[in-house]
Amino acid sequence: MGDAMLLKVEGLSKWFSVKKGVFGKTFYVQAVDNVSFTLEKGEAVSLVGESGSGKTTLGKTILRLYYPTRGRILFDGRDITNLVEKELKWYRRETGIVQQDPFGSLAPHFTIYKILEEPLIVHKIGTKEERRERIYKALKEVGLPPEEFAFKYPHMLSGGQLQRVAIARAMMLNPKLIIADEPVSMLDASVRVEILNLFRELQRKYGMSVIYITHDLSTTRYFSEKIFIMYAGHIVERAATNEMLRNPRHPYTLALFSAIPDPDPENRLRFREVPPGEPPSLINPPKGCRFKPRCPFATSKCDEEPPEVETTPGHWVKCWYPR
Amino acid sequence: MSVEEYSLRGILRELLSYKSAVIGIVILIFLVGLSLFSILATPYSQAGEIWNDKNKWIKYPRNALPEWYNYFSDKKLPPNIVLGAHAAERSIENGFVKLIYYDKFNYNYDDFPSEIIIFTNTTYFNESPVLRAYLIKPSGEMLSLGDYSPRNGTDSIYITNNIILEANLTDYVIRKIGEKPSYVITIPIALFMKYSKNLEVMKGNYTFKIEVLLNNVSDSFEYQTIVYGKVYGLAGTDMDRRPLDLGILWGAPLALAFGVVASFSITFIQLIFAAISGYYGGKIDSIIQRLSEIYMILPFLPFLIMVSLLYGLNLWNLLLLVIVLSIFGTSVKTYRVWVMQLKSSPYVEAAMAYGASNLRIIFLYIIPRLIPPMVPSLVLAIPSYVFLEAALALLGLSDPKAVSWGRIVEEAFDAGAAYKGYYHWILMPSMMLILTAISFALIGLALDRIVNPRLREA
Amino acid sequence: MLLNISDLKLYYRTTKGVVKAVDRVGFSVERGETLALVGESGCGKSSIAKAIMRLLPRNIHTYEGNIILDNIDIMKLSEEDFRRQIRWRRISMVFQGALNALNPVLKVGYQVAEPLIIHNGMEKEEALKIAREMLRHLGIAETFADRYSFELSGGMRQRVVIAMALITNPDLVILDEPTSALDVITQANIMNLLKKLKAERNQTFILITHDIALSSELADKMATMYAGHIVELAKAEVFYEMPLHPYTQKLMRSVPTLRGEKVLESIPGAPPNLINPPVGCRFHPRCDKAMEICREKEPPLLSKDDHLVKCWLYG
C-alpha cells in the first residue's frame, strides 16, 4: 500500500439476512456487493446514488458499524475487516461521521458543550481544562461563537447550526477519515452552500479524507476530487470529478445526467429521455449487471457481472459497453 | 417519541401552570411536612411499641370524636377534663393525716362524660389510706362517690365502674325526678344531670372533692382525676383510647415511604432490565421477555397474600417482596420498545462511531431520554402501592409492629366501628389514604398531559 | 382566468404568538397554465395550498381573503358547499409525502376509486373500472390495481396518489413537493407524466416546491415566496432569465447546477420568525441591496409588464 493511500476496499460486500416465516428460508438483502476502490490521504470523494443504492450501507460498513459479509477493508495498512469492537477503539478515533438528520444526530438532552466533549471523554483525552479549550476552538472553527452556543441545547439551534456542531463533533478526535452521509439534504437550499463550503474548507485545512455520500450529483463539483456512482449495491463508475461531469460513460450515469434538470424554462416544453422502471429489489437480485432491465444498451452478455474497465486513466466503468 | 423541551426543569415549570397540579403539590407538601414532623418531633422509632402498648393510653377517652366535631354540632360534647395537682388542705385528725383536695371545673356541655377515673400514687407502710370522693354540683348538692382504699404504688379508681354507686345514684335520681325516667341512668348521667324527665345536663361550676386519710405521717399521696370526655384531639380516639391524630401522624411517613420506595425502585429496576433487554437483544432479551411474560400471568395479590399469611412479614420484608414480585412487570415490555427505538437513533449511531461503550450509551444516552415520559406513571403508581399496603393491612396481613393507616382501618373494622357508629375511626385514616391518592393523581395526571403531547389541548 | 386569489391571509395561533404564515398573498392562474410557488421551508407555501383547499387546523387565527374559482368566490361558500362542490371536485391536491401515507389496508385500486364513490356518489363497480383505467393511463398495469400500497415501488405509489387527485376530473390540481421522496430518475419520469397530463387534459397545476430547477420542468409562471409574502411573480422565461427580486437572485445563485460551472453564493442569516417578522421589507436583514426605506416600510407589489416584484429597488 502506497504511502498516500489511506483506505483500500476490496470486493467488499454487506448482506443483511431476512427471515421469511417461522420455518422459512433466509433471504439476503445484498445491500452492498463486490465494491472495490481506494482513497488517498486528504482526498474527498463523492459517493453518489439514489436511496436504496447501498451508499449509506457502504459508508457504515467502512466505519465498521456493520460487520462486512465478504471482502476486505484496509485502513492505513491495517486490515480492519474482521476486528471485533474491542479491537476497534483506535479506529473509532481515526474516523468520524456526519449524519443526514441534524435534529436526530445530536443527543437532545446534552448541551452543545457536552455533545462535543463526549468523544474526548470516551477516549480519555485531556484534562477538563484542555478539553474546554479544544471544544471552544472547535466551535469557533465551525463558525459558532462558543460563548453563545456552548451551553445551548440542540432544540434551540437551526438545522444549519446543528450540522456545524455535527461537523465539529466529527472532527473532535482529529480523524483521518470522515464519512458524511447526505450532510446537507435536510437543510434549506440557501443554507446548503454555506455548510458544504465550511466542510470543504475544514477538510482541506486538516487534510482529512472524506467520503461524501449524496444523491445530488449537482453538489459534487463543489466538494470532491473524485466521484463514485453507485447503483443497486454496485459501484458502477469511478472517475475524477471533472472527467465524470464531462464524460459520463456508464449507461446509468448517463441516465442520471439526462434526468437532472437545471433551471431552464425550456424544460417544460420537452420530455426527458430517461429509462423507465425502478432499481431492482436487492433480495436475490438479478445475476449479472443490475442495471440490465432498464438499460437501453443491454445484451445477453449483461447477464454476467461486468468487470471494472479502465476506459481512460483513472476512469473506471463497471460495464460491458461503456459509452 | 419527540423531544421538545423535555428537560426535568422544563417539565417542573410547566407543571406549575396546571392548577390541579398545584393543588396536588400543596397536599403533597402537607403530607411530607406531616411525615417529617412525625419522624423528627415524636419518638418515631418506638411508634409501633407505643401504639401497641395499651397501658400508655389510659388517660385518653375511649371512642372519642374529633374536637372540631363540636363546631358542626348543636350538641357540644365534653372534652377530657384533667384535674389534680392542687395543694391540699392538710390537717391532723384523730391521729390520721387528713388531706382535702378541691378541684373546681366548669361544665357547659350538652353531653355527659364517658368515664371518671382517679389515678393515685401513694406510698404507705402499714395500712392503705382511705379515699373519699365527692362531687359538688352547681346546684350545691354534694354527691358521694364512694370510699376507696388505693393500693400501694400506682392505682386507678374507676368511679364509673362502681356498681353499688350506680345503684345508689339511680335511686337518688328517681326520687328527685319523681318517677323512673325513660332513659337508662348511668353514673356520669346521674352525676351531671338536671333532674328532669328529659335527659339534660346541669351546666355550671362543679367541684370535685377528695378526702384522704393517711395512717402515717410518712405516707404520701398524689392523684390525678380525669373526667373523660367524648371528644379528643384532631381525629378522636379509638376503642383502645389511642388518639387517632397521633396514629395518622405516625402512619404518614410509612405510607409515603412505602409508596415512593416501591414505585421508584420498581420503575427503575424495570427500566434497567428493559434497557439491557432492548439494547443487547438476542438471548438475554429473550430470557427477560419470557420472565416478564411469566410475571404478567402470575396473580400478584393472591401470591402476596399467601406469602404474608405463611411468613408474617415485617414491613420492609413486605416492601421487598412487593418489589421482587413486580420487577419484571409489563412496563419492561413498554420501556424495551422505547429503548429499541432510541438505539436506532442517529445520535446513538454517532456515539458508536466515536467509540462510546455500550454501558455508556445505555446509561448516558438512552436512559435519560426515557425518564421524562416515565415520570407520570412513576408518580401515578405511588398511591397504588400506598393502597396496596393498606389493603394488606385490612386483610390483617401487614406488619403488626408498624403503625399504618391501613392497620388503623383494619382495627376499626375488627371492632365493628361501622356498626357501633364510630365512623371517625374509619373515616379519618381512610381520608388520609384518599388525600394521598388525590395528591399524586393530580400531579401525575398533569405530568402525563405535559409529557404526552397528544393529551394536550392545542 | 381559472383562479384568482387576492389578499389571502392565513394566520395560526400558537403558544408563542400568532404566526402569519400567509400574509396578503395574491396571484392568478389561467386554465391550462402551471404556476410554481418556490420558497424555502417555513415561507408559507404549503399553507397557501391548505388555504385554497380550506384544510385548516384547529389553531387557526385568521383566514380571510378572496379566492375566485371561475367566477365563484369559494371563500364565501359554507363548509358543506365547499366540501361538496369544490374540494376534490374542482380542486384536488397531491400532498407532500402522500406516497408514504397511502392506506396500507386498502387495495390501491379502491383508494383511487374512493373519491368517486364518496364525492360523485358512484357505484363501487363503476368507480373501480374508471380507477383501473386511470391507473393504466398513468403507467400502472391493471394487475397492480389489486395490490396493496406496500407492494408498490415509490414511483408507482406516487402515480397512485396522482391518480387519486385526478380521478374526479378537477379543474385545478395542487402539487405539494410531488417528487421530494423520489430518486432523480423516478422524478424525471413523474415530471414527464405531469407534462403529458398537462398537454392532453389542458390541466391546470399549482406546483409548490423548494427546488427551483424542478419547477422549470412544468411552470409557465413562477412565483417566489418569502416569509409569507409573494415577492416575485413572472412568466417562466422572464423569471429565469432576469429575476428582479434580490431574494430570487440569491436563491438562483445558491443552487448548484449540473451543467455549467458557477460560483455558489449562500444567503447570510436565516428566514425570519413569522410571529414577529422584521419591520419594513421582510427580506431586508439579509439583503445586500437594502436601503433606508426597506427598513421602514413594506414595499408594495410593483408591476413591470406582467412581472410583479415586491421590492423598493423598482419603485
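Here is a short friendly chat about a predicted model and its chains.

Student: How many helices and strands are there in chain A?

Tutor: Good place to start! In this predicted model, chain A contains both kinds of element. The count is nine helices and twelve strands.

Student: What radius of gyration does chain A have, and what would a compact globule have?

Tutor: Let's begin with the length, which is 323 residues. For that many residues, a compact globule would have a radius of gyration near 20 Å, so the value for chain A agrees with the rule. Along the principal axes, its C-alpha atoms fill a box of roughly 65 × 55 × 45 Å. The radius of gyration of chain A is 21 Å.

Student: What percentage of the residues in chain A is buried?

Tutor: A residue is called buried when its relative accessible area is under 20%. Applying that to the 323 residues of chain A gives a buried share of 57%.

Student: Which helix of chain C gives the most to the largest nonpolar core?

Tutor: That core has 102 residues, and Leu3(C), Phe27(C), Ile174(C) and Ile206(C) have the most contacts inside it. Eight of its residues come from one helix, spanning residues 154-166 of chain C. That is helix 5.

Student: How many residues are in the other core, the one with Leu144(A) and Ile327(B)?

Tutor: This core lies apart from the largest one. Its members include Leu187(A) and Leu202(A) as well as the two you named. The number of residues is 89.

Student: How far apart are the mean positions of the positive and negative charges of chain A?

Tutor: Chain A has 47 positive and 39 negative charges. Taking the mean position of each group, the separation is 4 Å.

How values were computed: Residues are numbered from 1 along each chain as its sequence is written. Chains are lettered from A and ligands numbered from 1 in the order in which they are written. This is a predicted model: local features need pLDDT of at least 70, side-chain atom pairs count only at pLDDT 80 or more; totals for chains, interfaces and linings use all residues. Side-chain values use heavy atoms; hydrogens and water are left out. Helices (H or I, at least four residues) and strands (E, at least two) are DSSP runs, numbered from the N terminus. The radius of gyration is taken over C-alpha atoms; the globule rule is 2.2 Å times the number of residues to the power 0.38. Buried means under 20% relative accessible area, exposed over 50%, partly exposed in between (1.4 Å probe, protein chains only). Lys and Arg count as positive and Asp and Glu as negative; His and the chain ends are not counted. The place of a charge is taken as NZ of Lys, CZ of Arg, CG of Asp or CD of Glu. A nonpolar core is a set of buried Ala, Val, Leu, Ile, Met, Phe, Trp, Tyr and Cys residues joined through side-chain atoms within 4.5 Å.
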